[in-house]
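Got the viewer open? Let's take a short walk through this one, one selection at a time.

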Amino acid sequence: MNTIIFTERQQQILAYLRQYGTATLQQLVDFTHSSESSIRRDLTELDKKQFIDRFHGGATLRNPMLGEKSLLEKSVESLAEKQQIMQLAAQHVRYGECIYLDAGSTILHLIPHIANKQVKVVTNGLMHVPLLIEQNIETVIIGGQVKAKTQAIIGSKAISQLQEYYFDRAFIGANGFSEVQGYTTADLEEATLKQLAIKQSKQAYVVADRSKFGLSQFVKFGDLHEAILITAGLTDAEYEQIDRKTEVLRA
């Protein structure tokens with residue numbers, strides 16, 4: 001099976017189209033801080049690869065699978081890695097702490113490992129609630145609008161409520177992480193909550209499997225140094241690259 005390689009700018013273009021579906025040439029120039037000629041070349045190449053459809057003055061996303069994946073799709077990807085990552089993450093949770101759990105399929109695997117630690121959990125992840133209840137973990141779920149595709153609670157009410165809490169630790173998911181772009185995600189409103197949770201925590205951890213390495217999604221929510229990274233499966237060279245920017249825990 002051939003691996004399709006995208007340049008960093010092409011990844012940025014696709015991230016923008018995942019978010020908005022369509023874009024003008026000028027919007028992509030502004031977003032990537034590139035020249036029109038560079039964007040035209042990238043659009044031509046992405047069109048040839050059948051990822052976008054060009055129109056006069058812009059482009060649209062062709063392949064719906066390039067959009068943000070649903071929670072179900074994410075939950076079955078890199079399953080063993082996610083379990084290893086969250087088992088390691090659980091070792092850093094202390095008895096009686098108040099922790100924040102970001103919405104996301106990777107974070108879900110932390111819950112069984114903290115059941116006996118008498119923690120209090122605050123979360124914007126609707127998908128976490130049944131398991132938290134099953135494990136008899138004291139839980140606060142913030143209010144707001146539910147994003148159907150990922151079951152994340154977002155919006156101004158969620159932000160306002162999250163500002164009232166402070167955490168010993170926060171565990172945050174990411175759609176991508178790289179030395180240059182930092183931690184990124186596909187949704188602007190989710191990114192705002194991730195940023196705030198990091199700010200409200202004594203110690204923040206970003207958890208992401210190997211498939212997220214080197215990816216740059218639509219919205220940056222933090223530089224690498226703002227959180228400890230917990231990941232698995234990187235090469236020694238890749239670990240060394242990230243180690244220059246932040247502490248990395250290897251699952």
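Here is a tour that starts at a sheet, moves to the helices packed on it and ends at a patch on the surface. Keep in mind that this is a predicted model.

**Stop 1: the sheet.** Select residues 22-24, 52-55 and 58-61. These are strand 1, strand 2 and strand 3. In what order do the three strands sit in the sheet? Reading across, the order is 1-3-2, in an open sheet with antiparallel pairing. Strands 1 and 2 stand at the edges with a single partner strand each, so each has one side without a neighbour in the sheet. Turn the view a little to look for the twist, which averages 20° from one strand to the next.

**Stop 2: one pairing up close.** Now keep just strands 1 and 3. They pair in the antiparallel sense over three bridges. For a pair to click on, pick Thr-24: its bridge partner in strand 3 is Gly-58.

**Stop 3: the helices on the sheet.** Add residues 25-32, which are helix 2. Helix 2 packs on the sheet and touches strands 1 and 3, with its direction at about 85° to that of strand 1. Next, add helix 3, residues 36-48. Helix 3 also packs on the sheet, but touches strands 2 and 3, and its direction makes about 130° with that of strand 2.

**Stop 4: a surface patch.** Finally, select Leu-126, Ile-141 and Val-146 and switch on the surface. Together they make a nonpolar patch of about 210 Å². Where does Leu-126 sit? Look in the loop between strand 5 (120-123) and helix 6 (129-134). Leu-126 counts as partly exposed because its relative accessibility is 36%, and buried would mean under 20%, exposed over 50%.

Note on methods. Residues are numbered from 1 along each chain as its sequence is written. This is a predicted model: local features need pLDDT of at least 70, side-chain atom pairs count only at pLDDT 80 or more; totals for chains, interfaces and linings use all residues. Side-chain values use heavy atoms; hydrogens and water are left out. Patches are made of residues with over 30% relative accessible area and no salt bridge: like charges are joined within 9 Å, nonpolar side chains (Val, Leu, Ile, Met, Phe, Trp, Tyr) within 5 Å. Accessible areas come from the Shrake-Rupley method with a 1.4 Å probe; for residues, only the protein chains shown count as cover. A salt bridge is a side-chain nitrogen of Lys or Arg within 4 Å of a carboxyl oxygen of Asp or Glu. Helices (H or I, at least four residues) and strands (E, at least two) are DSSP runs, numbered from the N terminus. Buried means under 20% relative accessible area, exposed over 50%, partly exposed in between (1.4 Å probe, protein chains only). Two strands pair if DSSP finds at least two bridges between them. Axes are lines fitted to C-alpha atoms, for helices over the stretch in contact, and angles run from 0 to 180 degrees between N-to-C directions. Contact means heavy atoms within 4.5 Å.
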